[in-house]
Amino acid sequence: MYLVLGIFLTLGGLLMAIFPEFIYELTESWKSDAIGTPSKWYIRSTRFGGVLCILAGLAGIVIQFVI
């Protein structure tokens, strides 16, 4: 169970870390009619969250083999 969830969390974290603009389009762009790009702060915080998701996913994968 931890293995599958860890893989999904790692893949989601990779998506967040590599393509923060895509995450912006999915989650935030529908809230505004203004055409624009995400701020630098949004990109940095999304990448940071992605790195944390990657670490949590890898921990879930590792714990599967440790226990």
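This tour moves from the whole chain to single residues that you can select one after another.

**Before you start**

What you have open is a predicted model, in which local features need pLDDT of at least 70 and side-chain atom pairs count only at pLDDT 80 or more, while totals for chains, interfaces and linings use all residues. Residues are numbered from 1 along each chain as its sequence is written, and side-chain values use heavy atoms, with hydrogens and water left out.

**The whole protein**

Begin with a cartoon view, where you should find three helices and zero strands; helices here are DSSP runs of H or I with at least four residues, strands are runs of E with at least two, and both are numbered from the N terminus. Followed from the N terminus, the elements run α-α-α. The radius of gyration of the protein is 14 Å, well over the 11 Å that the globule rule gives for 67 residues, so the protein is more spread out than a compact globule; this radius is taken over C-alpha atoms, and the rule is 2.2 Å times the number of residues to the power 0.38. If you show the C-alpha atoms alone, they fill a box of roughly 50 × 20 × 15 Å along the principal axes.

Next, turn on the surface, which comes to about 5,100 Å² of accessible area, with 74% of it belonging to carbon and sulfur atoms; such areas come from the Shrake-Rupley method with a 1.4 Å probe, and for residues only the protein chains shown count as cover. Of the 67 residues, 25% count as buried, where buried means under 20% relative accessible area, exposed means over 50%, and partly exposed lies in between (1.4 Å probe, protein chains only). Among contacts with a separation of 6 or more, 70% come from residues 24 or more positions apart, a contact being heavy atoms within 4.5 Å.

**Stop one: Thr 10**

Select Thr 10, which sits in helix 1 (residues 2-18) and counts as buried at 12% relative accessibility. Which residues does Thr 10 touch, not counting those up to four places away in sequence? Display Cys 53, Ile 54, Gly 57, Leu 58 and Ile 61 to see them. A polar atom of the Thr 10 side chain also lies 2.7 Å from the backbone oxygen of Gly 6. For a distance across the sequence, pick Val 51, which is 41 residues from Thr 10 along the chain and 8.8 Å from it in space, C-alpha to C-alpha.

**Stop two: Thr 46**

Move on to helix 3, where you will find Thr 46, which is buried with a relative accessible area of 6%. Leaving aside neighbours within four places in sequence, Thr 46 is in contact with Met 16, Pro 20 and Ile 23. The backbone oxygen of Tyr 42 is 2.7 Å from a polar atom of the Thr 46 side chain.

**Stop three: Thr 37 and Val 66**

Is Thr 37, in the loop between helix 2 (20-27) and helix 3 (40-66), buried or exposed? Thr 37 is exposed, with a relative accessible area of 68%, and its C-alpha lies 13 Å from that of Thr 27, which is 10 residues away in sequence.

Finish at Val 66 in helix 3, which is exposed at a relative accessible area of 61%. The C-alpha atoms of Val 66 and Gly 13 are separated by 22 Å, with their positions 53 residues apart along the chain.

Definitions and conventions: A polar contact is a pair of N or O atoms within 3.5 Å; within protein, one must be able to donate a hydrogen and the other to accept it, and residues adjacent in sequence count only if both atoms are side-chain atoms.
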